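Student: I have this model open and would like a close look at a single part of it. Could you pick a buried spot and walk me outward from there?

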Amino acid sequence: KAKISGPLLDRIDLHIEVPALKEDELITSSVSERSQVIKARVEKARAKQLSRQSKPNNLLGAKEIDIHCIPDEAGLNLLKTAIARLNLSARAYHRILKVARTICDLSDEISIQPAHIAEAIQYRRHDV
């Protein structure tokens, strides 16, 4: 990560650190969501995006983000706090809103909630 420039990292929407599993975690089986269920949820979210704005969320421009990615008051306050504390760029702000919109769509909800904003911010933690 230290070898990649900040402006390049800023263009990547999701940053997830995946720690190595311990031996007992590898051996123990866990219950997980079936691929068909996930696929159906993703297809439904994508159809919702295409119906709402004729394109997927990742292709929204700045003006379209202002129309389709409006958080509620609490979400907006959370986002303002994150921008101030994490010193986020305008690009990061727009990417957080697009990711939050996608999380909202995957949750089959209509409006972006603070939980969606918080989750999207967590995917930008590299900026800290």
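Tutor: Happy to! Let's start at His116, which is buried, with a relative accessibility of 5%. Keep in mind as we go that this is a predicted model.

His116 sits in helix α7. Leaving out neighbours within four places in sequence, His116 is in contact with Ala100, Ile103, Cys104, Ser107, Glu109 and Ser111. His116 also has company on its own helix, since the buried residues of α7 are His116, Ile117, Ala120 and Ile121. Looking down the axis of α7, you would find those buried residues within an arc of 135°, so they line one face of the helix. The spacing makes sense: an α-helix has 3.6 residues a turn, so residues three or four places apart point the same way. As for what lies over that face, the cover on the buried residues of α7 includes α5 and α6.

Now move along α7 to Ile117 and Ile121. These are the residues with the most contacts inside the largest nonpolar core, which has 18 residues. The elements giving two or more residues to this core are α5, α6 and α7, and the largest share, 7 residues, comes from α6. If you select Ile121 in your viewer, you can check its partners: Ile121 touches Leu78, Leu79, Ala82, Leu86 and Ile96, again setting aside residues up to four places away in sequence.

Two of those partners, Leu79 and Ala82, bring us to α5, where Gly75, Leu79, Ala82 and Leu86 are buried. Down the axis of α5, the buried residues fall within an arc of 60°, so here too they line one face of the helix. The cover over them includes α6 and α7. Turn α5 around and the face away from its buried side carries the exposed residues Glu73, Lys80, Ala84 and Arg85. The length of this helix is easy to check as well: α5 covers residues 73-86, and its 14 residues should span 20 Å at 1.5 Å a residue, which agrees with the 20 Å between its end C-alpha atoms. Just after α5 comes Asn87, whose phi is positive, near 55°.

Let's return to His116 and follow one of its contacts, Cys104. Cys104 is buried, at 0% relative accessibility. A cysteine in such a place may tempt you to look for a bonded partner, but the structure holds 0 disulfides. Cys69 is in no disulfide, and the nearest cysteine sulfur to it, that of Cys104, is 9.4 Å away. Seen from the other side, the closest cysteine sulfur to that of Cys104 is in Cys69, and 9.4 Å is too far for a bond, because a disulfide needs its two sulfur atoms within 2.5 Å. Cys69 is buried too, with a relative accessible area of 2%.

Beside Cys104 in the sequence is Asp105, and this is where charge enters the picture. Asp105 forms a salt bridge with Arg101, with the closest N and O atoms 3.1 Å apart. Both residues lie in helix α6, 4 residues apart, or about one turn of the helix. Both Asp105 and Arg101 are buried, so this pair falls under the 20% cut-off in relative accessible area.

For a contrast in setting, look at Glu43 and Lys39, whose side chains meet in a salt bridge at 3.9 Å, N to O. They are 4 residues apart in helix α3 (residues 35-53), which puts about one helical turn between them. Glu43 is partly exposed, with a relative accessible area of 47%, while Lys39 counts as exposed at 52%.

One more salt bridge is worth a stop. The side chains of Asp108 and Lys44 meet at 3.0 Å, N to O. This pair links distant parts of the chain: Asp108 is in the loop between α6 (90-106) and α7 (114-122), Lys44 is in helix α3, and 64 residues separate them. Asp108 is partly exposed, with a relative accessible area of 43%. Lys48 joins in as well, since Lys44, Lys48 and Asp108 are linked in a network of salt bridges. The count for the structure comes to 7 salt bridges.

So the walk from buried His116 takes in a core to which α5, α6 and α7 each give two or more residues, and it ends at a salt bridge between the loop after α6 and helix α3.

Conventions
Residues numbered from 1 in each chain as written. Predicted model: local features only at pLDDT ≥ 70, side-chain atom pairs only at ≥ 80, totals over all residues. Heavy atoms only, no water. Salt bridge = Lys/Arg side-chain N within 4 Å of Asp/Glu carboxyl O. Buried < 20%, exposed > 50% of the residue type's maximum accessible area, 1.4 Å probe, protein only. Expected span 1.5 Å × (residues − 1). Arc of directions from axis to C-beta. Contact = heavy atoms within 4.5 Å. Core = buried A, V, L, I, M, F, W, Y, C linked by side-chain atoms within 4.5 Å.
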